[in-house]
Amino acid sequence: MLLPDRNAIDRLLRHYRNQEKVVLARPCDLSIRRRLEDTAYTLCVLMGERDARDAVHAAERYVGQGGPVARPALESLPGT
């Protein structure tokens, strides 16, 4: 399995957290909200998750542990 660059994930995760703060400060600004959604989507793709919250948690584990993220085998996923 190919793993994303840990430094790139760390930068993207910090960027996501900063964007979260801006969205909370200016919740009606749709352009800021769209940028947050784009960053969340990128995290989902890179971390192999379908949900932004799961992707953020997986990214935090990946950056924090220094090792690969434990993911279920494809056979154990619902609908497969």
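Is Asp-29 buried or partly exposed, and what is its relative accessible area? In this predicted model, for which local features need pLDDT of at least 70, side-chain atom pairs count only at pLDDT 80 or more, and totals for chains, interfaces and linings use all residues, Asp-29 is partly exposed, its relative accessible area being 22%; the term buried is applied under 20% relative accessible area, exposed over 50%, and partly exposed in between, with a 1.4 Å probe and protein chains only. Residues are numbered from 1 along each chain as its sequence is written, and side-chain values use heavy atoms, with hydrogens and water left out.

The protein contains three helices and zero strands, and its elements follow the order α-α-α from the N terminus on, where helices (H or I, at least four residues) and strands (E, at least two) are DSSP runs numbered from the N terminus. Of its 80 residues, 26% count as buried. The accessible surface amounts to about 5,800 Å², of which 55% belongs to carbon and sulfur atoms; accessible areas were obtained by the Shrake-Rupley method with a 1.4 Å probe, and for residues only the protein chains shown count as cover. Among contacts (heavy atoms within 4.5 Å) with a separation of 6 or more, 48% are accounted for by residues 24 or more positions apart.

Contacts between helix 1 and helix 2 can be described from two residues, Gln-19 in helix 1 and Thr-39 in helix 2, which spans residues 30-47. Thr-39 counts as buried because its relative accessibility is 6%, and Gln-19 likewise counts as buried, at 11% relative accessibility. When residues up to four places away in sequence are not counted, Thr-39 touches Leu-12, His-15, Tyr-16 and Gln-19, while Gln-19, under that exclusion, touches Arg-35, Leu-36 and Thr-39.

A search of the whole structure yields four salt bridges, each defined by a side-chain nitrogen of Lys or Arg within 4 Å of a carboxyl oxygen of Asp or Glu. One of them joins the side chains of Arg-14 and Asp-10 at 3.3 Å, N to O; both residues lie in helix 1 (residues 6-25), four residues apart, which is about one turn of the helix. Arg-14 counts as partly exposed at 48% relative accessibility, and Asp-10 is also partly exposed, with a relative accessible area of 26%.

The side chains of Glu-20 and Arg-17 meet in another salt bridge, at 2.9 Å from N to O, and because these residues are three residues apart in helix 1, about one helical turn separates them. Glu-20 is partly exposed, having a relative accessible area of 25%, as is Arg-17, at 29% relative accessibility. Together with Glu-60, Arg-17 and Glu-20 are linked in a network of salt bridges. Asp-29, for its part, forms a salt bridge with Arg-26, in which the closest N and O atoms are 2.8 Å apart, and Arg-26 counts as partly exposed because its relative accessibility is 46%.

Aromatic rings were also examined, with rings of Phe, Tyr and Trp (its six-membered ring) taken to pair if their centres lie within 6.5 Å, planes under 30 degrees apart counting as stacked, over 60 as edge-to-face and the rest as tilted; by this rule the count is zero aromatic pairs. The charged end of Arg-6, however, sits over the ring of Tyr-62, 4.2 Å from its centre, where the criterion requires NZ of Lys or CZ of Arg within 6 Å of the ring centre and within 35 degrees of the ring normal.
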